[in-house]
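Me: Please explain how the descriptive terms applied to this model are justified. I should like each one set against its criterion.

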Amino acid sequence: MALAELGVVVLDCPDPRALAAFYAEVLGGTVKGDEHWVDLEVPGGRSLAFQAAPGYVPPGWPAPEHSQQFHLDLTVEDLDTAEKGVLALGARPLDTEDRSRGWRVYADPAGHPFCLCAC
């Protein structure tokens, strides 16, 4: 028997509204909130939340001395098309050279790592 159920994944960041807008363009959905806390309700009933974090320092990837803290795996149908889209929205590549793999790693505009996966 579970003691709890997952409510929402919250990402610390310097600008919650801007980061929520980035993920809304990637995942779709509705953005609601203020400058301190923003919820992104994505299609299918799931949500991501974004919280203002003064002094935010992005995680390092890959760097054993800097934890990546967590990352999101985003499933896509076409890696090349999705890559063009996230780069145009402000993501930056972290590990995208091996085109034979079914996944590529990027950082969102606040520096959180995420993967596009054609799995």
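Reply: Helices (H or I, at least four residues) and strands (E, at least two) are DSSP runs, numbered from the N terminus. In these terms, Arg 101 is placed in the loop between E6 and E7. The model is a predicted one, in which local features need pLDDT of at least 70 and side-chain atom pairs count only at pLDDT 80 or more, while totals for chains, interfaces and linings use all residues. Numbering starts from 1 along each chain as its sequence is written, and side-chain values rest on heavy atoms, without hydrogens and water.

Me: What makes E5 and E8 paired strands?

Reply: Two strands pair if DSSP finds at least two bridges between them. Four bridges join E5 to strand E8 (residues 113–117), and the two run parallel, so the criterion is met. Along this pairing, Asp 73 stands opposite Cys 115 and Thr 75 opposite Cys 117.

Me: Why do E5 and E6 count as edge strands?

Reply: The open sheet has four strands in the order E5-E8-E7-E6, with mixed pairing. Strand E5 (72–75) and strand E6 (92–95) each have a single partner strand, so one side of each is left without a neighbour in the sheet. From one strand to the next, the twist averages 35°; axes here are lines fitted to C-alpha atoms, for helices over the stretch in contact, and angles run from 0 to 180 degrees between N-to-C directions.

Me: Which strands do helices H1 and H2 meet?

Reply: Helix H1 (residues 16–27) lies across E5 and E8, at about 30° to E5. Helix H2 (residues 79–88) packs on the sheet and touches E6, strand E7 (103–107) and E8, where contact means heavy atoms within 4.5 Å. The direction of H2 makes about 5° with that of E7.

Me: How do you know that the side chains along E5 alternate?

Reply: In a regular strand the side chains alternate between the two faces of the sheet. Leu 72 and Leu 74 point to one face and are buried, whereas Asp 73 and Thr 75 point to the other and are not. Buried means under 20% relative accessible area, exposed over 50%, and partly exposed in between (1.4 Å probe, protein chains only).

Me: Why is the pair of Tyr 23 and Phe 50 called stacked?

Reply: Rings of Phe, Tyr and Trp (its six-membered ring) pair if their centres lie within 6.5 Å; planes under 30 degrees apart count as stacked, over 60 as edge-to-face and the rest as tilted. The rings of Tyr 23 and Phe 50 are 5.9 Å apart, centre to centre, with 20° between the planes, so both conditions hold. Tyr 23 lies in helix H1 and Phe 50 in strand E4 (residues 47–52), so the pair ties together parts 27 residues apart in sequence. Tyr 23 is buried at 0% relative accessibility, and Phe 50 is buried at 0% as well. Ring pairs also link Phe 22, Tyr 23, Phe 50, Tyr 106 and Phe 114 into a cluster.

Me: What makes Asp 80 and Arg 104 a salt bridge?

Reply: A salt bridge is a side-chain nitrogen of Lys or Arg within 4 Å of a carboxyl oxygen of Asp or Glu. For Asp 80 and Arg 104 the N to O distance is 3.0 Å, so the pair qualifies. Asp 80 also meets Arg 99 in a salt bridge, at 3.7 Å, and Arg 104 forms one with Glu 83, at 3.6 Å. These four residues, Asp 80, Glu 83, Arg 99 and Arg 104, are thus linked in a network of salt bridges.

Me: Why is Asp 80 called partly exposed, and how is Arg 104 classed?

Reply: Asp 80 has 42% relative accessibility and therefore counts as partly exposed. Arg 104, at 3%, counts as buried.

Me: How do you know that the charged end of Arg 101 sits over the ring of Trp 103?

Reply: A charge sits over a ring if NZ of Lys or CZ of Arg is within 6 Å of the ring centre and within 35 degrees of the ring normal. The charged end of Arg 101 is 3.7 Å from the centre of the Trp 103 ring. Leaving aside neighbours within four places in sequence, Arg 101 is in contact with Leu 79 and Asp 95.
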